[in-house]
Amino acid sequence: MIESLTHRSVLRFSGKDRTTFLQGLVTNDLLSLTAGQAVWSALLTPQGRWLSEFFLMEQDGSLFMDCAAAHAEMLTKRLSRFRLRADVQIEPAALHVIAGDHATPAPETAFCHAPDPRCDGAGWRALVGALPDPIQDASHYLIRRLPLGLPDVMDFEPEQTLALEGDMDLLHGISWKKGCYMGQELTARTHYRGLVRRRLLPVSLQGAPFPAEGGTILMGGREIGDLRSRSGHRGLTMLRREAWQASDLTCNGQPVTIDWPQWFPSEMRS
């Protein structure tokens, strides 16, 4: 199954300084990126708050950023502020973002493609000039990513969410070995001091499906988390740590259970 991610768009970074330019701004390490690979990363505020997440691929002497379509203009403007004398050009690329699971190979006509680097079972992502046929819409991608606990742009709150709250540390979205980047100080301090008080986690609702308009997660009648992406009985919720071992979580009066993904370390579940 191949899915068309119409809520995503592509930016092209060209020029000899393209990699070093982004290396000093985003959360992950780009210096070892080669064709056939993808890196998941983010741009943060100086205070370490999330602005946007994206995938980066190298192809034909350029870096291609698979980002939220709603963030493309913002990213272009913000990143351009730091260009100064760097030899780097940022422009929209006339490419579509598609994704698929490991049971379906990426189309041979893809401009570039790579495994989704976040976790086993995440499948692949590709950039194409024309959409292949047949293709599924983004709702199929939503259904596939929810059980895996994979976040997308709608699961973060701009200038509010910390990178670690969105599990970017556990899903290979942050490098702890690279040098400084925007928001690095708070991100590192949060990591090394174990100060993460909430995280984005996959959950299931027993009984009726999750409400289409969103909702809150309660523990003993007290609000303890808020629902983000959802489809049917599955969803992602930003859940406070004290609720991770609770047995009385509810949403709309129905029991909620945490579906711990394989990539979430067992020693961190309490």
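Strand S3 (39-44) is part of what covers the buried residues of helix H4. That helix runs over residues 184-193, and Leu186, Thr187, Ala188 and Thr190 are buried in it. Keep in mind that everything here comes from a predicted model. Just past the end of H4 sits glycine 194, whose phi is positive, at about 60°.

Some of those H4 residues turn up again around an empty space. The structure has one cavity of 30 Å³ or more, and the largest cavity holds about 30 Å³ of space. Leu186, Thr187 and Thr190 are among the residues lining it, along with Gly48, Leu162, Ala163 and Leu164. Sorted by type, that lining has four nonpolar residues, three polar ones and no charged ones.

There's also an open space to look at. The largest pocket has a volume of about 200 Å³. Its lining includes Asn28, Asp29, Ser32 and Leu33, then a run from Gly36 through Gln37, Ala38 and Val39 to Trp40, and also Pro115, Pro117 and His172. Here the split is six nonpolar, five polar and one charged.

**Helix H3 and its surroundings**

Now move to helix H3, residues 138-148, which is where arginine 144 is found. Which residues of H3 are buried? They are Tyr141, Arg144, Arg145 and Leu146. These pack against a set of strands: S1 (2-4), S7, S9 (124-128), S10 (198-205), S12 (222-231) and S13 (234-240). Just after H3 comes glycine 149, with a positive phi of about 75°.

Is arginine 144 buried or exposed? It counts as buried because its relative accessibility is 15%, and the cut-off for buried is under 20%. Beyond its neighbours within four places in sequence, arginine 144 touches Glu3, Ala99, Gly100, Asp101, Gly121, Ala122 and Gly123.

One of those partners, aspartate 101, deserves its own look. You'll find aspartate 101 in the loop between strand S7 (96-100) and strand S8 (112-115). With 23% relative accessibility, aspartate 101 counts as partly exposed. Setting aside neighbours within four places in sequence, its contacts are Met1, Gly123, Trp124 and Arg144. What is the C-alpha to C-alpha distance between aspartate 101 and glycine 123? The answer is 4.1 Å, although 22 residues separate the two in sequence.

**Two domains**

The domain assignment of the protein chain gives domain 1 (2-166) and domain 2 (197-268). Their C-alpha centres are 27 Å apart. Where the two meet, 18 residues of domain 1 are in contact with 14 residues of domain 2.

Glycine 221 is in the loop between strand S11 (216-219) and S12. At 61% relative accessibility, glycine 221 counts as exposed. Glycine 221 and leucine 249 are 28 residues apart in sequence, and their C-alpha atoms are 8.7 Å apart in space.

**Cysteines**

How many disulfides does the structure hold? Zero. Cysteine 67, for instance, is in no disulfide, and the nearest cysteine sulfur, belonging to cysteine 112, is 13 Å away. A pair of sulfurs would have to be within 2.5 Å to count. Cysteine 67 has 0% relative accessibility, so it counts as buried. Cysteine 180, on the other hand, is exposed, with a relative accessible area of 62%.

**Backbone oddities**

Most residues other than glycine have a negative phi, and most peptide bonds are trans. With that in mind, here are some backbone angles to check in the model.

| Residue or bond | Angle | Value |
|---|---|---|
| Glutamate 159 | phi | about 65° |
| Histidine 172 | phi | near 65° |
| Aspartate 133 to proline 134 | omega | about 5° |

Glutamate 159 is in the loop between H3 and H4, and histidine 172 also lies in the loop between H3 and H4. Glutamate 159 is partly exposed, with a relative accessible area of 45%. Histidine 172, as noted above, is one of the residues lining the largest pocket.

The bond in the last row is a cis peptide bond. Proline 134, on one side of that bond, has its place in the loop between S9 and H3.

How values were computed
Residues are numbered from 1 along each chain as its sequence is written. This is a predicted model: local features need pLDDT of at least 70, side-chain atom pairs count only at pLDDT 80 or more; totals for chains, interfaces and linings use all residues. Side-chain values use heavy atoms; hydrogens and water are left out. On a 1 Å grid over the protein atoms alone, a cavity is a set of points where a 1.4 Å probe fits but cannot get out, and a pocket is an open set with protein on both sides within 12 Å along at least five of seven lines; lining residues have an atom within 4 Å of a point. Grid points are joined across faces, edges and corners, and a volume is the space filled by probe spheres set on the points. Ala, Val, Leu, Ile, Met, Phe, Trp, Tyr, Cys and Pro count as nonpolar, Asp, Glu, Lys and Arg as charged, and the others, Gly among them, as polar. Helices (H or I, at least four residues) and strands (E, at least two) are DSSP runs, numbered from the N terminus. Buried means under 20% relative accessible area, exposed over 50%, partly exposed in between (1.4 Å probe, protein chains only). Contact means heavy atoms within 4.5 Å. Domain bounds come from an automatic or database domain assignment.
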